[in-house]
Amino acid sequence: MKVVLFCGGYGLRMRNGTSDDVPKPMAMVGPRPLIWHVMRYYAHYGHTEFILCLGYGAHHIKEFFLRYEETASNDFVLRGGRTELLSTDISSWTITFVQTGLESPIGERLRRVRHHLDGDEMFLANYADVLTDAPLPEMIDRFARRDAGASMMVVPPQSSFHCVELGDDGLVGGITAVSELPLWENGGYFVLRQEVFDHIPENGDLVADGCAQLAKRGRLTAYRHRGFWKPTDTVKERAALDEAYARGERPWAVWERAGAGARA
C-alpha cells in the first residue's frame, strides 16, 4: 500500500532558535532524521511507495533524499577506492515529493495528493514524527476485515500529570494519574479508505473533520497499542529518543531485530 506522510508543518515546539527552518520530521535521531525512521518502519513491512506532503522547509527533505548516503547506516567494503554496499536502505523505495502548501491543515494536504493514490481502495498515512513498534500487518488486517472508512492507532495518555477530583467544599476526593484513566490518544498511524475524502472539506482536517464525521456514522475504528510509542513534539522528547538510540535502545527499529526478516 502507498504511504502518505505529512511533513510540512512548522514544528514550532521543536525549534532551537528563530533561524532554525528545519521541519520537525528532519530532526535527527541517531544518524538519520525522524522521517527516515518512520519510512524504514513501513518499508520493513513491504510498504515502499511513499507520498511526502511537503510544506515548510521542504528543501531540507528534498536535499536529504537527493544527496542520500547509504554508507551512513549500512555496512560496506571499500575496495580500490570504490564503495561496495553490503546492504541498502532506500534503493527499492519510490518517493513522490508534493508541495502541499505552507499553511495547509493535514486534511487539505491529504486532499492535494489524492490523485497520486491512483484510486487505491486502501492506503496508509502518518504524521512522520512519531515512532512505534506497533505490529503494522495486524493493524492493517484488522481494518481490512471491517466495514469502515478509516482506522487510527490509539495509545494510552502519555502525560505524567495527575487529575484531581474536587468536591464543592474544595476537598480532594481522589488523585489519579492521567495514564491510568480510561482514555486513549490519537497515535498518528492511520489506515484509510477513499471514503475518508468524502468527509474532508476544503482546508479541512483529517481528524477533526474526516475522522470525526466517520465516527458519527459508525465508520471509524481504532487499533489499541500499549507497546512502544513516542512522539517528538518537543526538543526534550526528540533528545530522549536520540539518547536512547545512542544506548542501543530503539524498539521502533523493527528492521534491526534478529531474525525479523527485514524486506527493505
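# A walk from Ile-175 to Thr-83

Select Ile-175 to begin: with a relative accessibility of 58%, Ile-175 counts as exposed, because the cut-off for that word is over 50%. Keep in mind as you click around that this is a predicted model.

**Stop 1: a nonpolar patch**

Where does Ile-175 lie? Ile-175 is in strand β12. Now add Val-164, Leu-166 and Val-172 to your selection. Along with Ile-175, these residues make a nonpolar patch on the surface, and their accessible area together comes to about 400 Å². Colour β11 (162-166) and β12 (172-177) next, since these are the elements that give two or more residues to the nonpolar patch.

**Stop 2: one side of a helix**

Jump to helix α4, residues 136-144. Which residues of α4 are buried? Show the side chains of Leu-136, Met-139, Ile-140 and Phe-143, and you have them. They cover an arc of only 95° around the axis, so they sit on the same side of α4. Try turning the view until you look along the helix, then see what that side packs against. The partners of the buried residues are α1 (34-44), β8 (122-126), β10 (150-155), β13 and β14 (220-224).

**Stop 3: a buried glutamine**

From β13, slide along to Gln-194. Gln-194 belongs to the loop that runs between β13 (185-193) and α5 (206-216). Is Gln-194 buried or exposed? With 16% relative accessibility, Gln-194 counts as buried, because anything under 20% gets that label.

Show Arg-114 as well. The side chains of Gln-194 and Arg-114 are joined by a polar contact of 3.2 Å. What else does Gln-194 touch? Leaving out residues up to four places away in sequence, Gln-194 touches Arg-114, Leu-117, Gly-119, Asp-120, Glu-121 and Phe-123. Keep Asp-120 selected, as that residue comes back at the next stop.

**Stop 4: salt bridges**

How many salt bridges does the structure hold? The count is 18. Here are some to look at.

Start with Lys-2 and Glu-49, whose side chains meet in a salt bridge of 3.9 Å, N to O. Lys-2 is in strand β1 (residues 2-7) and Glu-49 is in strand β4 (residues 49-54), so this pair ties together parts that are 47 residues apart in sequence. The two ends have their own surroundings: Lys-2 is buried, at 11% relative accessible area, whereas Glu-49 is partly exposed, at 39%. Now add Asp-118 to Asp-120, and you can see a network of salt bridges that links Lys-2, Glu-49, Asp-118 and Asp-120.

Next, select Arg-112 and Glu-108. They form a salt bridge, and their closest N and O atoms are 2.9 Å apart. Why does this pair span about one helical turn? Because Arg-112 and Glu-108 are four residues apart in helix α3 (residues 106-112). Arg-112 is partly exposed, at 36% relative accessible area, while Glu-108 counts as buried, at 5%.

Helix α6 (residues 235-246) offers another pair, Asp-242 and Arg-238, and these are also four residues apart, about one helical turn. Their side chains meet in a salt bridge of 3.5 Å, N to O. Asp-242 counts as partly exposed, with 27% relative accessibility.

**Stop 5: Met-26 and its company**

Go to Met-26, in the loop between β1 and β2 (28-29). Met-26 counts as buried, with 10% relative accessibility. What surrounds it? Show Pro-33, Ile-35, His-60, Ile-61 and Phe-64: these are what Met-26 touches when residues up to four places away in sequence are not counted. You can also draw a distance to Cys-7. Met-26 and Cys-7 are 19 residues apart in sequence, and their C-alpha atoms are 8.8 Å apart in space.

**Stop 6: Thr-83**

Finish at Thr-83, which has its place in strand β6 (residues 82-85). Thr-83 is partly exposed, with a relative accessible area of 45%. Which residues is Thr-83 in contact with, leaving aside neighbours within four places in sequence? They are Thr-71, Phe-76, Val-77 and Leu-78. Draw one last distance, from Thr-83 to Thr-71: these residues are 12 apart in sequence and 8.6 Å apart in space, C-alpha to C-alpha.

Definitions and conventions
Residues numbered from 1 in each chain as written. Predicted model: local features only at pLDDT ≥ 70, side-chain atom pairs only at ≥ 80, totals over all residues. Heavy atoms only, no water. Buried < 20%, exposed > 50% of the residue type's maximum accessible area, 1.4 Å probe, protein only. Polar contact = N/O pair within 3.5 Å; in protein donor to acceptor, adjacent residues only side chain to side chain. Contact = heavy atoms within 4.5 Å. Patch = residues over 30% accessible without salt bridge, like charges linked within 9 Å, V, L, I, M, F, W, Y side chains within 5 Å. Areas by Shrake-Rupley, 256 points an atom, 1.4 Å probe, with all protein chains shown as cover. Salt bridge = Lys/Arg side-chain N within 4 Å of Asp/Glu carboxyl O. Arc of directions from axis to C-beta.
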